[in-house]
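The following account leads through the structure one helix at a time. It is best read with the model open alongside the text.

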Amino acid sequence: MTKPRNTKAAARARSPKSLRKAACEVASATPSKNGNGAGQFFSQMASRTSHLAGKPLTFLIAVGVVLVWAVSGPFFGFSDTWQLVINTSTTIVTFLMVFLIQNTQNRDTMALQLKLAELIIAVQGAENDIATAEDLCEEDLERLHESYRKRAEETLDHLERRRGQLKKAS
């Protein structure tokens, strides 16, 4: 078990601002798989796009587009081409949004894993190796889950016994 460092230098080194700065320096110094920063550009674009896609105004614009399409139906005689326009448009938007949402989800999941790992490592008495549980194979995760489920049941049984003893004593 590692004991957390509590020095001022360590606190500054681990501050959110310094972590972001260090991550940005590493990202800019490390070439992407394309060698031209395309990965960083995609990540920023995906983050901004998914942020905008979740806004109420974006939803209203999408509803407006569908309403304009629906109202234009009689002018085009509800033709196959008229139907193809909305089908193709929604398919393309959906296809692209899947990748943007997945990128954002990956980033959010990684950030959450890092926060949980920091909390686990900072708690004295915690099993620090659990901080990297996301790297385990499925079978190991299931065994670990079963182990923690049993520990939780034992703790609950112990608490219930203690509560029963306290009720008898009072």
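In this predicted model, Q44 counts as partly exposed, because its relative accessibility is 38%, a value in between the limits of under 20% for buried and over 50% for exposed. Q44 belongs to helix α3. Along the chain, Q44 and N103 are 59 residues apart, yet their C-alpha atoms are separated by 9.9 Å.

The neighbouring residue S43 is likewise found in helix α3. S43 is buried, because its relative accessible area is 16%, and the cut-off for a buried residue is under 20%. Leaving aside residues up to four places away in sequence, S43 touches N103 and R107.

Helix α3 as a whole comprises the 16 residues 38-53. At 1.5 Å a residue it should span 22 Å, and the C-alpha atoms at its ends are indeed 22 Å apart, so the expected and the modelled spans agree. Three residues of α3, namely S43, A46 and S50, are buried. These residues cover an arc of only 65° around the axis, and therefore they lie on the same side of α3. A general property of helices bears on this pattern: an α-helix has 3.6 residues a turn, so residues three or four places apart point the same way. The other side of α3 carries F41, R48, H51 and L52, which are exposed.

Against what do the buried residues of α3 pack? Their partner is α5, which runs over residues 80-122. The axes of α3 and α5 are 9 Å apart, and the two helices pack at an angle of about 105°. Because of this angle, α3 is roughly perpendicular to α5. On the α3 side, the contact is made by F42, S43, M45, A46, S47, T49, S50 and A53; on the α5 side, M97, F99, L100, N103, T104 and R107 take part. By character, the residues of this contact divide into seven nonpolar, six polar and one charged.

Attention now turns to α5 itself. With 43 residues at 1.5 Å a residue, α5 should span 63 Å; its end C-alpha atoms are 62 Å apart, so the two values agree. Within α5, the residues W82, I86, L100, N103, T104 and A117 are buried. The buried residues of this helix pack against both α3 and α4. N103 and T104, which are buried in α5, are also among the residues that make the contact with α3.

The second partner, helix α4, consists of residues 56-72. The axes of α4 and α5 come within 10 Å and cross at roughly 170°. Because of this crossing angle, α4 is roughly antiparallel to α5. From α4, the residues W69, A70 and S72 make the contact, and from α5, the residues W82, Q83 and I86. This set of residues divides into four nonpolar, two polar and no charged. W82 and I86 are also listed among the buried residues of α5.

The loop between α4 and α5 contains F78. What is the phi of F78? It is positive, at about 45°, although F78 is not a glycine. F78 counts as partly exposed, because its relative accessible area is 47%, which falls in between the limits of under 20% and over 50%.

Another residue of helix α5 is I120. I120 is partly exposed, because its relative accessible area is 23%. Not counting residues up to four places away in sequence, I120 touches A126, E127, N128, I130 and A131. The C-alpha atoms of I120 and T132 are separated by 9.8 Å, the two residues being 12 residues apart along the chain.

These details can now be placed in the chain as a whole. The protein chain has six helices and zero strands, and its elements run α-α-α-α-α-α from the N terminus on. Of the 170 residues in the protein chain, 9% are buried. Among the contacts with a separation of 6 or more, 47% are accounted for by residues 24 or more positions apart.

How values were computed:
Residues are numbered from 1 along each chain as its sequence is written. This is a predicted model: local features need pLDDT of at least 70, side-chain atom pairs count only at pLDDT 80 or more; totals for chains, interfaces and linings use all residues. Side-chain values use heavy atoms; hydrogens and water are left out. Helices (H or I, at least four residues) and strands (E, at least two) are DSSP runs, numbered from the N terminus. The expected span of a helix is 1.5 Å times one less than its number of residues. Buried means under 20% relative accessible area, exposed over 50%, partly exposed in between (1.4 Å probe, protein chains only). The arc is that of the directions from the helix axis to the C-beta atoms. Contact means heavy atoms within 4.5 Å. Axes are lines fitted to C-alpha atoms, for helices over the stretch in contact, and angles run from 0 to 180 degrees between N-to-C directions. Angles under 35 degrees count as roughly parallel, over 145 as roughly antiparallel, 65 to 115 as roughly perpendicular and the rest as oblique. Ala, Val, Leu, Ile, Met, Phe, Trp, Tyr, Cys and Pro count as nonpolar, Asp, Glu, Lys and Arg as charged, and the others, Gly among them, as polar.
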